[in-house]
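Q: Can you walk me through this one, starting with some backbone oddities?

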Amino acid sequence: MPVHNADISAIFEEIADLLEIEAANPFRIRAYRKAARILNELPQDIRILLKQNFSLTQLPGVGDDLAAKIVEIVESGSCGLLRRLHKELPPVITELLHIPGLGPKRVKALYHHLDVHTLEQLHRAAQDGLIRKIPGFGEKTELNILKAVESHASQARRFKLATTTQYANALIAYLKEIPGVLQVTAAGSLRRMRETVGDIDILVTATEHAPVMHGFTTYDEVTQVLSVGKTRATVVLKCKIQVDLRVMPETSYGAALHYLTGSKAHNIAIRRIAQKLGLKVNEYGVFKAATRIAGETEDSVYGAVGLPYIPPELREDRGEIEAAMVGKLPNLVQITDLRGDLHVHTKASDGSDSIQDMVEAAKSLGLEYMAITEHSRHLVMVHGLDANGLLRQCDEIDQINSTLSGMTLLKGIEVDILEDGSLDLPDTILKRLDLVVGAVHSKFNLSRAKQTERILRAMERPHFTILAHPTGRLLENRPPMM
DNA sequence: GCCGTTTTCGGCCCGACTGTTTTCAGTCG
């Protein structure tokens with residue numbers, strides 16, 4: 001069984017969890033977590049890097065010790081430290097850390113006092129009223145644990161960006177109507193445009209706190225108020241998404257937006273830079289001793305630590321800070337940069353509009369070209385086109401093209417890549433098209449080698465132009481092909 | 001456990017809210 005980067009990352013995360021329960025040096029724990037994150041996001045395969053004699057200590061956060069552990073895991077599939085930790089603590093105990101309200105100290109106490117190490121045991125202990133008897137725990141804590149365990153099972157962990165944006169926008173519009181509210185902005189992973197988000201973070205600036213907190217916690221989609229203070233509150237919406245809201249003075253808007261946007265790793269890196277400059281960065285601003293020197297805008301926060309503005313989409317501590325330091329931040333693609341669309345369906349297969357409707361929509365977006373790419377016949381459930389249907393559509397496209405100015409319609413197909421790597425339509429038909437988009441829609445679980453061979457074979461066909469959705473994943477629904 | 005334009009040793013980001021331990025630890029973001 002080959003060891004993937006993600007496997008090593010998972011082992012380091014588990015070690016960090018167990019060390020945390022054992023109350024190990026917090027910085028040692030952080031080192032394991034940082035290395036886990038780096039490995040998880042590393043584009044190159046560790047096994048290949050090792051074969052090329054790459055020195056692992058060149059990776060950020062990886063020193064001699066962790067490099068040796070990575071080699072150990074790649075070679076043996078496991079890690080001695082993790083085996084030792086498992087002798088002291090049952091492996092499944094780390095799942096308790098994922099219950100909101102339970103951290104390492106409480107998990108350790110639950111294990112030592114009640115021998116609880118699974119969710120089921122935790123649930124039973126809470127129902128039996130045993131938890132409140134542990135020193136440091138009380139009736140309320142026990143009730144919160146019970147509720148958390150019960151909702152944990154049914155709760156999806158992350159939500160798609162597009163879905164979350166709808167809920168966030170509705171809430172933002174509502175908050176803007178509250179008297180005294182000046183600005184309402186979505187922050188967090190939503191603002192960083194991550195493909196999935198775990199919760200919604202909202203920043204509000206207002207002349208008064210109280211009306212905002214009252215309005216927020218009584219929003220009619222709120223089903224649970226998890227916490228509410230003077231400047232911060234957390235609720236859960238009907239759709240099960242958690243929302244964190246922070247109310248800040250207007251003068252701290254930039255610093256608060258930076259803090260709430262994250263990512264956590266990016267913020268830590270920025271704070272470390274500030275520290276070296278003798279400054280302190282928090283959500284209220286950038287401080288030199290007790291004097292605030294920046295914080296009204298995000299620009300001012302970055303400026304105070306000697307950096308240009310870094311767009312939210314890049315704030316993951318994946319090299320953007322180093323790039324910013326030397327003036328080499330990339331220019332992000334803007335929606336206005338898009339000149340055409342090469343993957344479009346109409347109601348001829350599983351779309352919902354006519355070609356003409358799609359042309360109008362493309363024109364209104366300022367596109368210069370658009371390819372019509374229906375599914376091919378193999379996808380019966382979406383009325384994929386056969387050769388005759390496709391040829392008829394080609395005639396229709398020619399006809400519409402003759403009436404267009406300033407925009408070109410292209411003839412295409414999203415042709416199925418069959419299990420053996422052949423395409424779902426013959427070359428004699430495909431050669432009449434402007435482009436051929438190939439895609440896998442079935443047999444996602446072939447072996448890695450077979451799947452690769454299948455796709456490579458398809459790409460070698462003479463008229464093949466573009467490979468669509470290369471991994472076949474559906475976010476939160478179907479894992480990528482491996 | 002990592003790291004170094006103050007350091008090869010001594011640091012390591014910062015603050016809010018909750019519940020319970022009557023002054024603060026634990027958890028979270």
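**Loops and sheet**

Q: What relative accessibility does A23 have?
A: A23 is at 48%, so it counts as partly exposed (between buried, under 20% relative accessible area, and exposed, over 50%; 1.4 Å probe, protein chains only). This is a predicted model, where local features need pLDDT of at least 70 and side-chain atom pairs 80 or more, while totals for chains, interfaces and linings use all residues. Residues count from 1 along each chain as written, chains are lettered from A and ligands numbered from 1 in written order, and side-chain values use heavy atoms, without hydrogens or water.

Q: What's its phi?
A: A23 isn't a glycine, yet its phi is positive, about 60°. A23 sits in the loop between α1 (5–21) and α2 (26–41); helices (H or I, at least four residues) and strands (E, at least two) are DSSP runs numbered from the N terminus.

Q: What about K443's phi?
A: K443 has a positive phi near 55° and isn't glycine either. You'll find K443 in the loop between β14 (435–439) and α19 (448–459), and K443 is partly exposed because its relative accessible area is 43%.

Q: Which residues share a cis peptide bond?
A: G262 and S263, with omega about -5°. S263 lies in the loop between α12 (253–261) and α13 (264–276).

Q: Switching topic, what's the strand order in the sheet?
A: β11-β12-β13-β14-β15, an open sheet of five strands with parallel pairing (strands pair if DSSP finds at least two bridges between them). β11 and β15 (466–467) are the edges, each with a single partner strand, so one side of each has no neighbour in the sheet.

Q: How many bridges link β12 and β13?
A: Seven, between β12 (residues 369–375) and β13 (residues 408–416). I372 has K411 in β13 as its bridge partner.
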